Every structure is written in structure tokens, then in C-alpha cells.
Amino acid sequence: MQIGTIVYIVDDDNPEEHLIRRAAKILQEGGTVCFPTETVYGLGANALDENSVEKIYKAKGRPSDNPLIVHVHDKNQVEEIAKDITYNAKLLMDKFWPGPLTMVFKKKDIVPLKVTGGLDTVAVRIPSNKIALSLLRESNIMVAAPSANISGKTSPTSASHVIRDLLGRVDSIIAAGDTSVGLESTVIDMTGEVPTILRPGGITLEEIKEVIGEVMVDRPRDDKDKDFVPKAPGMKYVHYSPEAKFVLFMGSVENMTENIRLRAKEEIAKGNRVGIMTTTENQQSYMDIREAVVMPAGSRNNPYSIGREIFRTLRHFDDKKVDIILAEGTEESSIGVAVMNRLKKAAGENVVKV
Ligand code: TXA
Ligand code: MG
């Protein structure tokens, strides 16, 4: 039974070996370890042991039909758990691993159905974060790990997020610095004729196309089709919900600014505490609305900085106890596709096109 959580404070650049060894031992003994990756923090356990995997679902409160990503440290390990590894898959591994790309293959029997949510496929990636790699190497265990948040909440990009969500629910947490990508990995299904992106993430469609040519993208959920079943089961659940109501504005910067200003004033008049999520370039546009909490999430000139900041910014609004968050959307190209995918999920029906 879970009686307490050990927190290891580890240096990102020079992970303390003796601490990594202790965390590795917890994995080997069937326990749960939260650890940083370059995308978001993960909640890991031995992927090949059902009882260990069960602890992940329990700690997160995650539906058991939502499959987990298996993290490995060496390309050769993929063959132990996956079948039919195509030439395209090898090209993608060579180009993007270690890094924020997850590939889905037909699974081998050794992988418990508990990990794959009952599917006959398995998702795999090699993360590039130093601590993640040394933990995987030291334990020599393949580690199933979803994002280390309570199911439905925003993904954790700093140790404090993990501690807030999971302290007392996991065996240990490796607390290090903030994650560098800030958005989860891209998930691509390699089992079909044409590789298909199931979840946009840290590696863009354009980057993948450059390596393997033809790529498809699984239909996004916002097509209002009740029968639509996304191929990545995780994409059908409520996700990334801040505590406050989240409203996403989409349109030109000028129109978004004008409409957010109006709405902010309306909400303030109603007595609501308002958060405004903008960019460094545009934050001065709201400075006269003194009652609002105005937070830039990165810079419009550098879409990757927006990716890095969005989850952190959403959690910041929670800390400030706002009632409603009014957010500027960003351009849906390159990494902006993944950013907008997360923001639209956070917004649900609350999207305002201006
Ligand atoms: O960056 C990341 O991917 C982070 C870090 C910790 O590696 N992990 C992460 O895991 O985001 P999670 O569980 O929050 O999201 C995994 C996504 C879900 O949408 C899930 O449905 C999908 O990957 N997935 C996993 N296995 C799959 C499979 N066999 N077939 C289709 N989709 C799969
Ligand atoms: Mg997640």
C-alpha cells in the first residue's frame, strides 16, 4: 500500500547517480516513479508488469481503456515489444529519437493488455531528457508513463505541478527543472499503409513529412460527430481543464484583443475574477484593465515559446483563483497545431471565433 512519497531533488544537467539508482530500484521493485521528460513530467512504472501498471491508472484516476506510452532508452528495445517495424519507422527513429515523437506499432505478447488499454498495438518513445534516460538505463526497465497529472487536468511541466497532483499517490517523484518542450509528444500510428498522426505534439507534421513523405492526420474531435472514435483513445476524454472556465478566442490579434477586452469588462462587472492569457507582444493591450490577471504565455514571434508556457500559464491562473480565463489563440501551423489542439480541448464548447 502507498504510505508516503519520496521526493528526490535531482540536477537536470548532472543527475546525481545515487538518487537515480534509488528511483531505479523503486521501478524494479514494482513501484511508481514520476520523472521529468523533455515534453512533460511522466508517471512511470514497469510496463511489462501488470500490477505495476495498475498503480499508474489508480494514482491518476485514469480510465483503463486509455493506453500508455512505453519509454525505452535504446532503439533495439523496440523489437522486444513491437512487431512489423517499417523502414519509415526506422527513418523516424533515426531522425527524432531521442525526442518528442511516439510511434504506435503492433504489439508483441509480452506487453500486457493493461498497458495498451486492450489494444493490439503499443506506443513507444525514447525521451531525450537526461534524467529520464539515465533512469531508463539504470533500471533497465521499459517504463509505461502517462503525463504525471490527475486525469483530466493540465499536463505537468514543473516538479511543483507533479507534487501538487500526486504527492501521497505515488512512491516517488524526481523533482528537477521545468520541461523544455512543454507539450506532449506527437503520437503517430505506424501500423497502416500511410503513417497517421493521432495527436499533434512536439514534432511537427512538416518535420515528419520531410523525412517520410506522405503522412495523414487523424480527424480532430471538433467535427461534431457523436459516433466518431479517435484512434488515440486518450483524445476522446476531457483534457487540460483548468479550474476556471476557459474561453478561447480565435481570429486576428486585433479582433481577439478587442473582443477579450469587452468580455473581460463584462465579466468584471458581474463580479468575476478574470484571467487573460496573451503573449509578451500583446500584454500591454490589457494593462488598463487593472482588475484582470494578465499573463503572457510565450511570444508570438516564437511559437515554441508558447508551447513551453501554455500549461504553466493555465496552472498559474488556477493559483490566482480566477473564475474565467480569456485566451488568445495562435496560428495553427508548425508547433501552433499542437498548441491549439490543447487549447481547444481546454475550451471544449467555449470557442469564440472573432
Ligand atoms: O510526451 C508524452 O507523450 C508524455 C511523456 C510522459 O512521455 N506522455 C503522455 O502520455 O503524454 P499520455 O498517457 O498522457 O498520453 C498518451 C497518448 C494518449 O492520447 C493515448 O491514447 C495515446 O497516446 N496512445 C497510447 N498508446 C496508444 C496506442 N497503442 N494506440 C493509439 N494511441 C495510443
Ligand atoms: Mg496526459
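**Close-up views**

**Asp 189 sits in strand S10 (residues 186–189).** Helices (H or I, at least four residues) and strands (E, at least two) are DSSP runs, counted off from the N terminus. This is a predicted model, where local features need pLDDT of at least 70 and side-chain atom pairs count only at pLDDT 80 or more, while totals for chains, interfaces and linings use all residues. Residues are numbered from 1 along each chain as its sequence is written, chains are lettered from A and ligands numbered from 1 in the order in which they are written, and side-chain values use heavy atoms, leaving out hydrogens and water. At a relative accessible area of 12%, Asp 189 is buried; buried means under 20% relative accessible area, exposed over 50%, and partly exposed in between (1.4 Å probe, protein chains only). The Asp 189 side chain makes a polar contact of 2.7 Å with that of Thr 191. That label goes to a pair of N or O atoms within 3.5 Å; within protein, one must be able to donate a hydrogen and the other to accept it, and residues adjacent in sequence count only if both atoms are side-chain atoms. Setting aside residues up to four places away in sequence, Asp 189 also touches Val 104, Pro 195, Thr 196, Leu 198 and Lys 231, with contact meaning heavy atoms within 4.5 Å.

**Strand S9 (residues 172–175) has buried side chains pointing both ways.** Ser 172 and Ile 174 go one way, Ile 173 and Ala 175 the other, and all are buried. S9 pairs in the parallel sense with strand S1 (residues 6–9) over 4 bridges, and Ala 175 is the bridge partner of Ile 9. Strand S2 (residues 33–35) also runs parallel to S9, over 2 bridges, with Val 33 bridged to Ser 172. Two strands pair if DSSP finds at least two bridges between them.

**A cis peptide bond links Trp 97 to Pro 98.** Omega here is about -5°. Look for Pro 98 in the loop between helix H4 (87–96) and strand S6 (101–107). As background, most peptide bonds are trans, and most residues other than glycine have a negative phi. That second point matters for the next view.

**Asp 84 and Asn 140 have positive phi values.** Phi is near 55° for Asp 84, which is in the loop between strand S5 (82–83) and H4. Asp 84 is exposed, with a relative accessible area of 59%. Asn 140, in the loop between helix H5 (130–139) and strand S8 (143–144), likewise has a phi near 55°. Asn 140 is exposed as well, at a relative accessible area of 56%.

**Ile 141, in the loop between H5 and S8, is buried.** Its relative accessibility is 10%. Ile 141 and Ala 47 are 94 residues apart along the chain, yet their C-alpha atoms are separated by 7.8 Å. Not counting neighbours within four places in sequence, Ile 141 is in contact with Leu 27, Gln 28, Asn 46, His 71 and Leu 136.

**Helix H1 (residues 17–28) crosses H5 at roughly 55°.** The two axes come within 9 Å. Axes are lines fitted to C-alpha atoms, for helices over the stretch in contact, and angles run from 0 to 180 degrees between N-to-C directions. H1 and H5 are therefore oblique to each other; angles under 35 degrees count as roughly parallel, over 145 as roughly antiparallel, 65 to 115 as roughly perpendicular and the rest as oblique. In the contact zone, Ile 20, Arg 21, Ala 23, Ala 24, Leu 27 and Gln 28 of H1 meet Ile 131, Ser 134, Leu 135, Glu 138 and Ser 139 of H5.

**Five strands make an open, parallel sheet in the order S15-S14-S16-S13-S17.** Strand S15 (293–296) and S17 are the edges, each pairing on one side only. From one strand to the next, the twist averages 20°. Helix H9 (residues 303–319) packs on the sheet, touching S13, S14, S15 and S16, and its direction makes about 165° with that of S14. Helix H10 (residues 336–347) packs on the sheet too, touching S13, S14, S16 and S17, with its direction at about 130° to that of S13.

**Strand S13 (residues 245–250) is mostly covered.** Of its 6 residues, 5 are buried. S13 pairs in the parallel sense with strand S16 (residues 324–328) over 5 bridges, and Lys 245 has Ile 324 as its bridge partner. With strand S17 (residues 351–353), S13 shares 3 bridges, again parallel, and Phe 249 stands opposite Val 352.
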